[in-house]
Amino acid sequence: SLSRDVEILDAMRQIAGNEKWAMNKAQSRVFMRRVQDAKEPYRTIKDAGGGEVPAIKYDGDVWVPLRGKGYGDLNGRFVKRGVFDELNSAKLLGRDQTSIGKRLMGMYKIGQVTISPKAIFRNMVTNTILNDMGGLSPSRVDIAAKGLAAMSPTSPTYKLALQSNLVGRTFTDAEILPVLEHFQKADGSALARGFEAAEKFGGDASKFYGFLEDWGKMSKFVHNLEKGMQPFGAAQDAKKWLFDYSRVSQVVDATRKSPLGVPFVTFAVKVAPRIAEAMVERPWVLAKYQMLFHEIDRYAVQQAQMTEQQGEEQRGWFPGYLKRESAVRLDAKDKYGNQIVFDATYMMPWGGYTENSRGLSRVIEDVTGVSVPPSLMPSHPIAQGLATMMTGKDTFTGQPLYSENDSPGVKSAKTGAYLANLIMPALARDAYRFAFDRPGEKYGEPRGAGMDIANRLLGLGLTPVDLQRQKRNAALEAKRRLRTLRGSFYNDIQDES
């Protein structure tokens with residue numbers, strides 16, 4: 001009856017709030033991961049639906065995970081065996097069948113992030129800088145080593161971190177693994193088997209990505225403990241700087257799941273207050289990176305025997321996306337004599353707020369004149385696909401996908417190839433481009449294979465710039481603007497007369 005259901009739901013809320021009866025979600029994810037990796041001894045018992053679930057021994061009791069939307073806040077959490085038996089008898093069990101859309105989004109995130117070497121490398125750099133903003137200098141390699149050692153589940157520090165709800169709250173834990181868990185008990189359909197195979201491939205990579213994130217948090221946790229902080233406070237501070245992806249507002253959660261939303265909005269939302277805090281409390285940390293970029297660029301100008309004014313003039317020839325402060329010239333040229341530019345934008349925690357407009361943000365800026373950070377604009381593949389079909393342009397560069405002189409068939413083929421490229425895993429896309437469509441050669445700015453591999457694997461953003469070509473382009477653009485101004489001037493005169 002309805003009244004009985006209400007009573008059961010109220011009982012479950014009380015159970016969820018009592019850690020003597022139910023583990024918190026972070027602990028449950030850690031134990032489930034250990035069970036899946038065969039690192040935690042367990043035996044199986046039957047649930048009400050006849051399925052098997054793992055039962056583990058912890059702190060002198062037997063604990064069993066609950067699965068199904070009917071369990072509300074207890075879904076996915078380990079509870080004591082007695083609680084499991086009571087709720088099991090209430091026949092609330094029912095496996096949560098994650099929608100195809102959510103499964104596809106989970107696989108999309110795996111393809112774009114957790115199996116992408118350049119995303120992994122960039123994330124490690126970003127986390128190092130975030131820890132620096134929070135007071136842990138990158139020079140403290142001793143702390144990083146201690147943090148790595150503390151990642152062992154037998155470490156006393158790890159147990160402290162687990163009790164303080166530090167581990168198991170990464171991007172992987174909150175946005176990927178909860179979806180992948182449902183692939184393991186897939187039905188016999190071809191689609192389900194395909195998802196199951198994808199989980200086996202992407203699951204381990206996702207766990208490795210999560211391990212690296214937890215390593216960063218553990219290093220901050222160790223550093224905080226050495227400063228004399230209590231474990232709970234040390235864990236809270238570590239989560240503040242490297243984020244608890246499981247704690248987001250309903251708006252953010254809906255935005256990262258919506259087909260017209262922003263899949264990776266969590267980072268953009270959580271990093272903004274940390275940047276603001278660092279600007280107020282540790283401005284020198286942010287300033288030193290800007291100074292580093294400035295000095296690298298200034299050194300390249302000096303080595304080229306240019307004055308500061310000449311260097312600024314040369315920088316004005318660069319493509320728009322290379323004019324930002326985190327894009328600097330190196331004292332190096334490729335084999336064709338092109339200037340090498342290093343763009344660190346996507347490694348910086350604030351990169352998403354400083355990058356040039358692209359995609360829908362470019363459309364908004366063109367129409368309204370208001371610049372909106374691309375990291376806060378809809379970037380779901382469906383949203384990007386719709387933007388591409390409406391504008392006929394690359395959502396990243398803003399360049400046309402085809403010529404107006406192309407036939408309808410050619411236009412459709414080019415658009416289709418671009419849309420396929422949007423959902424292709426980053427590693428596969430980079431391998432394809434390296435082998436068949438190296439963009440440097442395509443646009444007349446050849447890059448060596450070594451530089452291309454460094455870009456593909458580490459995301460270093462090394463770009464060779466043909467200065468003479470860019471100088472000609474800048475001159476042509478200046479003439480075009482001058483013609484436009486003259487035309488507007490003459491039109492104004494005619495209107496007045």
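Colleague: Why is K414 called partly exposed?
Modeller: K414 has a relative accessible area of 36%, and the class depends on where that value falls (buried is under 20%, exposed is over 50%, and partly exposed is in between, with a 1.4 Å probe and protein chains only). Because 36% is neither under 20% nor over 50%, K414 counts as partly exposed. Please keep in mind that this is a predicted model, in which local features need pLDDT of at least 70 and side-chain atom pairs count only at pLDDT 80 or more, while totals for chains, interfaces and linings use all residues. Residues are numbered from 1 along each chain as its sequence is written, and side-chain values use heavy atoms, with hydrogens and water left out.

Colleague: What makes the pair of D406 and K414 a salt bridge?
Modeller: The N to O distance between their side chains is 3.0 Å, and a salt bridge needs a side-chain nitrogen of Lys or Arg within 4 Å of a carboxyl oxygen of Asp or Glu, so the pair of D406 and K414 qualifies. Elsewhere, K240, R274 and E277 are joined into one network by salt bridges that share partners, and a search of the whole structure finds 14 salt bridges.

Colleague: How do you know that R298 and E295 are separated by about one helical turn?
Modeller: They are three residues apart in helix α14, and that spacing is why they are separated by about one turn; a helix here is a DSSP run of H or I with at least four residues, a strand is a run of E with at least two, and both are numbered from the N terminus. Their side chains meet in a salt bridge at 2.7 Å, N to O. R298, at 37% relative accessible area, is partly exposed, and E295, at 38%, is partly exposed too.

Colleague: What does the salt bridge of R315 and D297 tie together?
Modeller: Here the N to O distance is 3.3 Å. R315 lies in helix α15 (residues 308-315) and D297 in helix α14, so the pair ties together parts that are 18 residues apart in sequence. R315, with 13% relative accessibility, counts as buried, and D297, with 10%, is buried as well.

Colleague: Why is α13 described as roughly perpendicular to α14?
Modeller: The axes of helix α13 (residues 265-281) and helix α14 (residues 283-303) cross at roughly 100° and come within 5 Å, where the axes are lines fitted to C-alpha atoms over the stretch in contact and the angle, from 0 to 180 degrees, is taken between N-to-C directions. Angles under 35 degrees count as roughly parallel, over 145 as roughly antiparallel, 65 to 115 as roughly perpendicular and the rest as oblique, so α13 is roughly perpendicular to α14.

Colleague: Which residues of α13 meet α14?
Modeller: I275, A278, M279, V280 and E281 in α13 meet P283, W284 and L286 in α14, where contact means heavy atoms within 4.5 Å. By class, this contact of α13 with α14 has seven nonpolar residues, no polar residues and one charged residue (Ala, Val, Leu, Ile, Met, Phe, Trp, Tyr, Cys and Pro are nonpolar, Asp, Glu, Lys and Arg are charged, and the others, Gly among them, are polar).

Colleague: Why are β5 and β7 said to stand at the edges?
Modeller: Three strands form an open sheet with antiparallel pairing, in the order β5-β6-β7. Both β5 (327-333) and β7 (462-465) have a single partner strand, so one side of each is left without a neighbour in the sheet. From one strand to the next the twist averages 35°.

Colleague: What makes β5 and β6 a pair?
Modeller: DSSP must find at least two bridges between two strands for them to pair; β5 and strand β6 (residues 339-343) have four, in the antiparallel sense, and R329 stands opposite V341 in β6.

Colleague: Why does N127 count as buried?
Modeller: N127, found in helix α5 (residues 117-133), has 9% relative accessibility and therefore counts as buried. Leaving aside neighbours within four places in sequence, N127 is in contact with E213 and L242. M12, in helix α1 (residues 2-16), is also buried, at 4%.
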